[in-house]
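Here are a few short exercises to work through with the structure open beside you. Try each task before reading its solution.

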Amino acid sequence: MNRHILPSRRPSLTFGVNHGIGGKHSHFTVSIGGDGESSDVREVFVSGPQSPLLDLVRDSAILLSLALQYGCPLETIRHALTRDDADQPATVIGSVVAGIEGVLA
């Protein structure tokens, strides 16, 4: 399987997501981009309050981007991520994926 290499210049879309962690909600800014030829998301960037959690979320976004560039469908990724007892995303990256699906719908 080959990686879908992105052009140097490409369109992007930025939106916010909130995720509750230990009773506290944090806001993250998500930017998604594609190749400019289709509506497929191929890269994900996340920023938010500086913390060790943000480091994990940013690394997760890199892995998410690589999976998308290698052709893994966003829906497959969503189904693989942890959900809580109310069937909501249990992690920040799960909330990011849900946010991506929401803006693409």
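A residue counts as buried when its relative accessible area is under 20%, and as exposed when that area is over 50%, with partly exposed in between. Please keep in mind that the model is a predicted one.

**Exercise 1.** Find which residues of α3 are buried, and check the span of this helix against its length.

*Solution.* Start with burial: V92, I93, G94, S95, V96, V97, G99 and I100 are the buried residues of α3. Next, take the length: helix α3 covers residues 92–104, which is 13 residues. The expected span is 1.5 Å times one less than the number of residues, so these 13 residues should span 18 Å. Finally, compare: the end C-alpha atoms of α3 are 18 Å apart, in agreement with that expectation.

**Exercise 2.** Is L13 buried, partly exposed or exposed, and which nonpolar patch does it belong to?

*Solution.* First locate L13, which sits in strand β1 (residues 12–21). Its relative accessibility is 39%, so L13 counts as partly exposed. Then look at the surface: L13 joins V103 and L104 in a nonpolar patch, and together they have about 230 Å² of accessible area.

**Exercise 3.** Work out in what order the elements run and how the radius of gyration compares with the globule rule.

*Solution.* Reading from the N terminus, the order is β-β-β-α-α-α. For 105 residues the globule rule gives 13 Å, and the chain has a radius of gyration of 14 Å, close to that value, so the chain is as compact as a globular protein of that length. To round off the picture, 32% of the 105 residues count as buried.

How values were computed. Residues are numbered from 1 along each chain as its sequence is written. This is a predicted model: local features need pLDDT of at least 70, side-chain atom pairs count only at pLDDT 80 or more; totals for chains, interfaces and linings use all residues. Side-chain values use heavy atoms; hydrogens and water are left out. Helices (H or I, at least four residues) and strands (E, at least two) are DSSP runs, numbered from the N terminus. Buried means under 20% relative accessible area, exposed over 50%, partly exposed in between (1.4 Å probe, protein chains only). Patches are made of residues with over 30% relative accessible area and no salt bridge: like charges are joined within 9 Å, nonpolar side chains (Val, Leu, Ile, Met, Phe, Trp, Tyr) within 5 Å. Accessible areas come from the Shrake-Rupley method with a 1.4 Å probe; for residues, only the protein chains shown count as cover. A salt bridge is a side-chain nitrogen of Lys or Arg within 4 Å of a carboxyl oxygen of Asp or Glu. The radius of gyration is taken over C-alpha atoms; the globule rule is 2.2 Å times the number of residues to the power 0.38.
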